Amino acid sequence: MQPLFMNQYKFLISIQMGYVHAFIDVAAAMQQLEIHIESFPGKLKQVSSVDLLKRPAPGKWSKQEILGHLVDSAINNLKRFTEIQFLPQPYSVISYRQNELVVVNDYQNLPLKHLLDLWQALNRQIVMVVKRIPSDKLIYRVDPQYESKELKTLSWIICDYVAHMEHHFRQIFSEQE
């Protein structure tokens, strides 16, 4: 499956359920993220406010709350991408309380422009940080705390971040594609 907004170049990871399963290319992931930073807001603004705020079922996030979750994901991953470079290896990923953060941050009731500006700023910072990671640090070991107990690398975590984002883009635009 190709990532949303795919351009001419190849994004060299396969995506299934929002996680990276194949070849990893950090430069391609950052190039794809830069495209998303510029194109996602315009595409999202085409969604009606009714559709943005509608929850598909009890206990499920609205499209706007999914965007809020992507803000939380950016905050947490920015911290990971920086800390992995200097903390002991393997770095243990600390999960975050996704549902609680969506509620406490009240993403459902924030202005869309505010959420989009925040999402863009955080992701621009991620691109800046990732592009400055020395190549020898991209192989630093990371324990993502998954059930499989398989260690990953910083480069895998970075590419997985973009794959996770695209998984949620497919949720947001599923009725429109």
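The expected span of a helix is 1.5 Å times one less than its number of residues. Helix α5, which covers residues 112–131, is a good place to try this out: with 20 residues, its first and last C-alpha atoms lie 28 Å apart, close to the 28 Å expected at 1.5 Å a residue. The structure here is a predicted model, and α5 is a handy way into it.

Stepping back to the whole chain, the protein holds 6 helices and 5 strands. Read from the N terminus, the elements come in the order β-β-α-α-α-β-α-α-β-β-α. Of the 177 residues, 49% are buried. Among contacts with a separation of 6 or more, 74% are made by residues 24 or more positions apart. As for the outside, the accessible surface comes to about 9500 Å², and 55% of that belongs to carbon and sulfur atoms.

Back to α5 and what sits around it. The buried residues of this helix are Leu115, Leu116, Trp119, Gln120, Leu122, Asn123, Ile126, Val127, Val129 and Val130. Their cover includes α1 (26–45), α3 and α6. Glutamine 120 is one of the residues of α5, and it counts as buried because its relative accessibility is 12%, with the limit for burial set at under 20%. Leaving out residues up to four places away in sequence, glutamine 120 touches Ile37 and Pro41. The C-alpha atom of glutamine 120 is also 9.5 Å from that of glutamate 34, although 86 residues separate the two along the chain.

Leucine 118 belongs to α5 too, but its relative accessible area is 32%, so it is partly exposed, a class that runs between the 20% and 50% limits. Its C-alpha atom lies 9.4 Å from that of glycine 68, a residue 50 places away along the chain. Lysine 45, for its part, sits in helix α1. With a relative accessibility of 57%, lysine 45 counts as exposed. Lysine 45 and leucine 112 are 67 residues apart in sequence, yet their C-alpha atoms are separated by 8.4 Å.

Next comes α3, another helix whose length works out as it should. Its 21 residues should span 30 Å at 1.5 Å a residue, and the C-alpha atoms at its ends are indeed 30 Å apart. Since 18 of those 21 residues are buried, α3 is largely enclosed by the rest of the structure. Glutamate 65 is found in this helix, and a relative accessible area of 6% makes it buried. Neighbours within four places in sequence aside, glutamate 65 is in contact with Arg55, Lys60, Val102, Tyr107 and Gln108.

Helix α3 also turns up in the walls of a pocket. Rolling a probe the size of a water molecule over the atoms shows where empty space is left. The second largest pocket has a volume of about 320 Å³. Its lining is made up of 14 residues, and those nearest the centre are Pro56, Lys60, Trp61, Ile66 and Gln171. The elements giving two or more residues to that lining are α3 (63–83) and α6 (154–172). By type, the lining of the second largest pocket splits into 3 nonpolar, 6 polar and 5 charged residues. Lys60, listed among the residues nearest the pocket centre, is also one of the contacts of glutamate 65.

Two spots in the loops have backbone details to point out. Glutamine 89 and proline 90 are joined by a cis peptide bond, with omega at about -10°. Proline 90 lies in the loop between α3 and β3 (91–92). The other spot is aspartate 106, where phi is near 50°, a positive value in a residue other than glycine. Aspartate 106 is placed in the loop between α4 (98–104) and α5. With 35% relative accessibility, this aspartate counts as partly exposed.

Technical notes:
Residues are numbered from 1 along each chain as its sequence is written. This is a predicted model: local features need pLDDT of at least 70, side-chain atom pairs count only at pLDDT 80 or more; totals for chains, interfaces and linings use all residues. Side-chain values use heavy atoms; hydrogens and water are left out. Helices (H or I, at least four residues) and strands (E, at least two) are DSSP runs, numbered from the N terminus. Buried means under 20% relative accessible area, exposed over 50%, partly exposed in between (1.4 Å probe, protein chains only). Contact means heavy atoms within 4.5 Å. Accessible areas come from the Shrake-Rupley method with a 1.4 Å probe; for residues, only the protein chains shown count as cover. On a 1 Å grid over the protein atoms alone, a cavity is a set of points where a 1.4 Å probe fits but cannot get out, and a pocket is an open set with protein on both sides within 12 Å along at least five of seven lines; lining residues have an atom within 4 Å of a point. Grid points are joined across faces, edges and corners, and a volume is the space filled by probe spheres set on the points. Ala, Val, Leu, Ile, Met, Phe, Trp, Tyr, Cys and Pro count as nonpolar, Asp, Glu, Lys and Arg as charged, and the others, Gly among them, as polar.
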